[in-house]
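Please examine the sequence and the three-dimensional model shown below. The paragraphs after it go through the pockets, the nonpolar cores, an aromatic pair and several individual residues.

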Amino acid sequence: MRDETPERGVEILRRRREPSEGSDHEVVEISVPVVNPRSTTRDSFVNGDEIVGRVPITDANVPDADEPLNATVITILEERVVTYYPTEDCLFTLTWFSGTDDWEYDEHDRPADGFDPETSTIDAEEAVIWERE
């Protein structure tokens, strides 16, 4: 396994359930230190010199997915936090650019050998900050 949380103050604050469209889903709150943090979405808030993002990990409503998905792993590289939602057919990702508080979903081809956090992430330099047990 690659290095865990980088030495830059990234922290999982808590894990909790919150209401979502028609059901509840579980989220983790991830705190990332950034310069001049600004929250521009309802999925984040400012806490001092950090921005905290609420990332869905269970029953996430992912665009283009046929049903709510569960995350397998969350990684970070600099100020980019990526959540991976593998399915039998493809790999969905939610990327949070914490420096600008931009969020985007993407769909990728599923790796032929299945999703492996060691080898299947977008960038080999990403550090794992949360992994499903």
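The account that follows begins with open space and then turns to packing and to single positions.

The coordinates come from a predicted model. Rolling a probe the size of a water molecule over the atoms shows where empty space is left. The largest pocket found here has a volume of about 360 Å³. Its lining comprises 14 residues, and those closest to the centre are H25, R42, D43, P56 and Y105. Four strands each supply at least two residues of this lining: β1 (11–19), β2 (24–33), β4 (50–58) and β8 (102–109). Classified by residue type, the lining of the largest pocket contains six nonpolar, three polar and five charged residues.

The second largest pocket has a volume of about 180 Å³. Two stretches of sequence can be followed in the list of its lining residues, which reads D64, A65, D66, E67, L69, T87, E88, D89, C90 and F92. By class, four of these residues are nonpolar, one is polar and five are charged.

One residue of the second lining, F92, is also touched by P63. P63 lies in the loop between β4 and β5. Besides F92, P63 touches Y105, when residues up to four places away in sequence are not counted; Y105 is in turn among the residues closest to the centre of the largest pocket. P63 counts as partly exposed because its relative accessibility is 41%, which falls between the limits of 20% and 50%. Its C-alpha atom is 9.9 Å from that of E104, although P63 and E104 are 41 residues apart in sequence.

The next subject is the packing of nonpolar side chains. The largest nonpolar core has 23 residues, and I30, I74 and Y85 are those with the most contacts inside it. Two or more residues of this core come from each of β2, β4, β5 (73–77), β6 (80–86), β7 (90–97) and β9 (127–131). The largest share, four residues, is contributed by β7.

What does I30 contact, once its neighbours within four places in sequence are left aside? The contacts of I30 are V10, E11, I12, I51, V52, G53, V55, I74, V81, W96 and I129. This list includes I74, which is itself one of the residues with the most contacts inside the core. Apart from this core lies another, of six residues, among them V73, Y84, F115 and V128.

W96, a contact of I30, leads to the aromatic residues. A pair of aromatic rings is described by the distance of the centres and the angle of the planes. Two aromatic pairs are counted in the model. One of them joins W96 and W103, with 5.2 Å from centre to centre and 20 degrees between the planes. This pair counts as stacked because its angle is under 30 degrees. The two tryptophans are assigned to different accessibility classes: W96 is buried, with a relative accessible area of 1%, whereas W103 is partly exposed, with a relative accessible area of 21%. The limit for a buried residue is under 20%, so W103 at 21% is not placed in that class.

Backbone geometry singles out two further positions. N36 has a positive phi of about 50 degrees although it is not a glycine, and D101, likewise not a glycine, has a positive phi of about 60 degrees. N36 is found in the loop between β2 and β3 (44–47), while D101 is found in the loop between β7 and β8. Are these residues buried or exposed? N36 is exposed because its relative accessibility, 55%, is over 50%. D101 is buried because its relative accessibility, 1%, is under 20%.

Two positions complete the description. G9 is in the segment before β1 and counts as partly exposed at 38% relative accessibility. Not counting residues up to four places away in sequence, G9 touches S31, P33 and E50. The C-alpha atoms of G9 and V34 are separated by 10.0 Å, with these positions 25 residues apart along the chain numbering. E131 is in strand β9 and, at 32% relative accessibility, counts as partly exposed. Between the C-alpha atoms of E131 and N61, which are 70 residues apart along the chain, the separation is 19 Å.

Technical notes. Residues are numbered from 1 along each chain as its sequence is written. This is a predicted model: local features need pLDDT of at least 70, side-chain atom pairs count only at pLDDT 80 or more; totals for chains, interfaces and linings use all residues. Side-chain values use heavy atoms; hydrogens and water are left out. On a 1 Å grid over the protein atoms alone, a cavity is a set of points where a 1.4 Å probe fits but cannot get out, and a pocket is an open set with protein on both sides within 12 Å along at least five of seven lines; lining residues have an atom within 4 Å of a point. Grid points are joined across faces, edges and corners, and a volume is the space filled by probe spheres set on the points. Ala, Val, Leu, Ile, Met, Phe, Trp, Tyr, Cys and Pro count as nonpolar, Asp, Glu, Lys and Arg as charged, and the others, Gly among them, as polar. A nonpolar core is a set of buried Ala, Val, Leu, Ile, Met, Phe, Trp, Tyr and Cys residues joined through side-chain atoms within 4.5 Å. Buried means under 20% relative accessible area, exposed over 50%, partly exposed in between (1.4 Å probe, protein chains only). Contact means heavy atoms within 4.5 Å. Rings of Phe, Tyr and Trp (its six-membered ring) pair if their centres lie within 6.5 Å; planes under 30 degrees apart count as stacked, over 60 as edge-to-face and the rest as tilted.
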